[in-house]
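Trainee: Could we go through this model together, one question at a time?

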Amino acid sequence: PNCPDVENGFFGSVEAISKKGVAALFANLDRCRDTLPYHQGWGEDLFLQKCMDGSGVGNQADYDLVADSTCPKRSSDCRPGAAAAFHPFKSLDTWMGCWRAAAPPGLA
């Protein structure tokens, strides 16, 4: 999970999965497609989480990986070193503003 205090906290701009997790996902993908109610408006993040949960894949929480204002009690803190990824920035102007704020001096 990368978002605390929510039931399904595997969401946002980054989902990190181990090689063994990916192997389990692909080994169980058909079963997941056949049994999970993803047609009810799930995104890829919820589908991945539920499929891997049902396939016995464990998880490791990392709440500092993504600065994501769609995660309750979190913000899109665009300062250097705040996170590996920032979410959500849907327009070019907001994305560039965050990138300029987060980039090391001399890079932006």
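Mentor: Happy to; we will talk about the overall fold, the cores and the aromatic residues.

Mentor: Before we start, this is a predicted model, where local features need pLDDT of at least 70, side-chain atom pairs count only at pLDDT 80 or more, and totals for chains, interfaces and linings use all residues. Residues are numbered from 1 along each chain as its sequence is written, and side-chain values use heavy atoms, with hydrogens and water left out.

Trainee: In what order do the elements of the chain run from the N terminus?

Mentor: Helices (H or I, at least four residues) and strands (E, at least two) are DSSP runs, numbered from the N terminus. The chain has 4 helices and 2 strands. Its elements follow the order α-α-α-β-β-α.

Trainee: What percentage of the residues of the chain count as buried?

Mentor: Let's set the scale: buried means under 20% relative accessible area, exposed over 50%, and partly exposed in between, with a 1.4 Å probe and protein chains only. The chain has 108 residues, and the buried share is 32%.

Trainee: Which helix gives the most to the largest nonpolar core?

Mentor: A nonpolar core is a set of buried Ala, Val, Leu, Ile, Met, Phe, Trp, Tyr and Cys residues joined through side-chain atoms within 4.5 Å. The largest one has 11 residues, among them Phe10, Leu25, Leu36, Phe47 and Val57. Two or more residues each come from helix H1 (19-27), helix H2 (29-35) and helix H3 (44-54). With 4 residues, the top contributor is H3.

Trainee: Which helices do the buried residues of H3 pack against?

Mentor: The buried residues of H3 include Asp45, Leu46, Phe47 and Met52. Contact means heavy atoms within 4.5 Å. The packing partners of these buried residues are H1 and H2.

Trainee: Is Phe47 buried or exposed?

Mentor: Phe47 touches Leu29, Cys32, Arg33, Leu36, Tyr38 and Trp42, leaving aside residues up to four places away in sequence. Its relative accessible area is 13%, so Phe47 is buried.

Trainee: What kind of aromatic pair do Tyr38 and Phe47 form?

Mentor: Rings of Phe, Tyr and Trp (its six-membered ring) pair if their centres lie within 6.5 Å; planes under 30 degrees apart count as stacked, over 60 as edge-to-face and the rest as tilted. That rule gives 2 aromatic pairs. Because the centres of the Tyr38 and Phe47 rings are 5.2 Å apart and their planes stand at 75°, the pair is edge-to-face.

Trainee: How far apart along helix H4 are Trp95 and Trp99?

Mentor: These two residues form a stacked aromatic pair, 6.5 Å centre to centre with 5° between the planes. An α-helix has 3.6 residues a turn, so residues three or four places apart point the same way. Trp95 and Trp99 are 4 residues apart in helix H4, so their separation is about one helical turn.

Trainee: Which residue joins Trp95 and Trp99 in a nonpolar patch on the surface?

Mentor: Such patches use residues with over 30% relative accessible area and no salt bridge, joining nonpolar side chains (Val, Leu, Ile, Met, Phe, Trp, Tyr) within 5 Å and like charges within 9 Å. A salt bridge is a side-chain nitrogen of Lys or Arg within 4 Å of a carboxyl oxygen of Asp or Glu. Trp95 is partly exposed at 42%, and Trp99 is partly exposed at 32%. The third member of the patch is Leu107.

Notes
Areas by Shrake-Rupley, 256 points an atom, 1.4 Å probe, with all protein chains shown as cover.
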